Amino acid sequence: MSLLERINRKQEKTSAKEDTKAKQKKAPEKPKAAAESSPANSRLQDLRVKRSSPSSASRDAYIDLKTNIQNRLIAELDPSIDVSKTADVRGTIQELYETLLVEEGIVLTRSEKKRLFDQIVAEILGYGPIEQFLTSEDVGEIMVNGPSHVFIEQGGKLARRPDVTFEDNDHVLRIIDRIVAPLGRRIDESSPMVDARLQDGSRVNAVIPPIALNGPTLTIRVFSKKPITMENLIEWGTLTPEAAEFLKAIVQAKVNAVVAGGTGSGKTTLLNILSSFIPDGERIITIENAAELQLNQEHVITLESRPPNVEGRGEISIRDLVINSLRMRPDRIVVGECRGGESLDMLQAMNTGHEGSMTTAHANTPRDTLSRLETMCLMAGMDLPVRAIREQISSAVDFVVQQARMRDGTRKVISISEIQGMEGDVITMSEIFRFEQTGLENGRVIGRLRPTGLRPKCMNQIAEAGIMLPPSIFGIGSKGKR
Ligand SMILES: Nc1ncnc2c1ncn2[C@@H]1O[C@H](COP(=O)(O)OP(=O)(O)OP(=O)(O)O)[C@@H](O)[C@H]1O
Ligand SMILES: [Mg+2]
């Protein structure tokens, strides 16, 4: 007999049994009432789900069984229990769970029992159906488009997971609440969008109805458990050792760089790796919407912007932070992403003694990156002529490192371009490295980031920093090696 058949039978028995129990004594009501009144445990109470009638569908029967056990467990858990002590609570839940299964006469196989237990623990202590992905090594993104459409990006590939569903919209909402409430944020009809960060650093965005038409929508960029290093990027074919050595040199030589790319192309990851090459002893200020950068240097100040509060006040924008950081005597400013007027302040900072500053921008080619920067500077509302903005860009930015998410899901650096200056009204650029695709094998993109043979203008600056790069890195004097 399958688990669901057994559950269905058990369900009928259980509800009959519960009716009799309820008639016989009202005693179980007592701990419930106590638990409800305890503010310490209000989080547990939120999890108690009321399902009215046992459904005939098998999936609903399983959910009913889970809900029933979960509710009973919560009712019997000590209301003053400290849910932050995960291991202790897990142990207590395990004991109660075993007892309940015996009391209810539910017979499950070892694996069924474990699965149900894991799901219940994930509901009580974690993030429900998506908990499993948050702890997984190779999941990069989790996307919940309403209760029954869950997508994940695993190993660079996006795929739907029909086996993972939420019970209903309320269930998704409860999980969203669980994420945002501890951060003092709220999400409801009047403020239906929220950006947040999980304790492990994963970046979360939630949008709920009436804005999201297909139900509460959750997007989580899962924080990589092991920080991604330049060695990883080389191993994964994102760039070559030569390009990596060059990028390391430009960071150490205080060259200003913009990492550009499409959404999820790996901009923040590369920015983090590049920032790790900033020598110790420099005062670094990082500015982000949701702190994703992780620098190991000793002298780092991390600033995070803040959205307006419910009354629409108290907003601290990235731009405010960039302006403020200039009064904090930074050697370098690293802005997680430029999306608007802050770009102008960032360019000014790069031009005025904060060389070696870095940021990322959303754009698909190095040329696009320049026009994007231009548009973002216009957003500062300073009424500057376009030519003046272009001059700022051309003197502030030295390099655009262009990253892309390829059709096979891999991320690659597709261009490293140096800004040369202005010719008339146009900013001129030279590509120092360019990705050349040579084929597509079994859906995999084949190619290599090759030097173009041009010697970068910043070589003197690199040499002044005491770094000697062999000309062969740029494909000069070593044609065979290219
Ligand atoms: N070179 C790489 N190879 C494989 N995976 C990568 C690489 N770089 C980043 N990733 C993974 O890709 C995902 C997106 O990375 P990241 O957050 O750096 O992108 P992003 O361009 O900053 O995205 P967004 O536009 O949303 O800010 C992450 O899960 C990250 O672990
Ligand atoms: Mg990013």
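**Notebook: a six-strand sheet and a helix pair**

I started with one residue pair: A196 stands opposite V204 in β5. Worth remembering while I read on: this is a predicted model.

**Entry 1: the hairpin.** I looked up which strands that pair belongs to. Strand β4 covers residues 193-197 and strand β5 covers residues 203-207. The two run antiparallel, and 5 bridges join them. I also found D195, whose bridge partner in β5 is N205. Then I checked the turn. The hairpin of β4 and β5 has 5 residues between the strands, and G201 takes a positive phi near 100 degrees there.

**Entry 2: one strand further.** What does β5 pair with besides β4? I found strand β6, residues 217-221, pairing with β5 in the antiparallel sense over 5 bridges. N205 turns up again here, since it stands opposite T219 in β6. So I can step across three strands: D195 has N205 as its bridge partner, and N205 stands opposite T219. A note to self from the textbook: strands of a sheet pair through backbone hydrogen bonds, either parallel or antiparallel.

**Entry 3: the whole sheet.** In what order do the strands of the sheet lie? I read it off as β3-β2-β1-β6-β5-β4, which makes 6 strands in an open sheet with antiparallel pairing. The edge strands are β3 (157-160) and β4, and each of them pairs on one side only. From one strand to the next, the twist averages 15 degrees.

**Entry 4: the other edge.** I went over to the β3 end. Strand β2, residues 150-154, pairs with β3 over 4 bridges, again in the antiparallel sense. In this pairing I noted F151, which stands opposite R160 in β3.

**Entry 5: two helices.** Next I picked helix α13 (residues 342-351) and helix α14 (residues 366-378). How do they cross? Their axes come within 6 Å and cross at roughly 110 degrees. Angles of 65 to 115 degrees count as roughly perpendicular, and α13 and α14 are therefore roughly perpendicular to each other. On the α13 side the contact is made by S343, L344 and L347, and on the α14 side by L373, M376 and C377. Sorted by class, that contact has 5 nonpolar residues, 1 polar and no charged ones.

**Entry 6: stepping back.** Last, I looked at the protein chain overall. I counted up 16 helices and 15 strands. Of the 482 residues, 34% are buried. For contacts between residues at least 6 apart in sequence, 54% join residues at least 24 apart.

How values were computed. Residues are numbered from 1 along each chain as its sequence is written. Chains are lettered from A and ligands numbered from 1 in the order in which they are written. This is a predicted model: local features need pLDDT of at least 70, side-chain atom pairs count only at pLDDT 80 or more; totals for chains, interfaces and linings use all residues. Axes are lines fitted to C-alpha atoms, for helices over the stretch in contact, and angles run from 0 to 180 degrees between N-to-C directions. Angles under 35 degrees count as roughly parallel, over 145 as roughly antiparallel, 65 to 115 as roughly perpendicular and the rest as oblique. Two residues are in contact if their C-beta atoms, placed from the backbone, lie within 7 Å. Ala, Val, Leu, Ile, Met, Phe, Trp, Tyr, Cys and Pro count as nonpolar, Asp, Glu, Lys and Arg as charged, and the others, Gly among them, as polar. Two strands pair if DSSP finds at least two bridges between them. A residue is buried if 20 or more other C-beta atoms lie within 10 Å of its own, exposed if 12 or fewer, and partly exposed in between; C-beta atoms are placed from the backbone.
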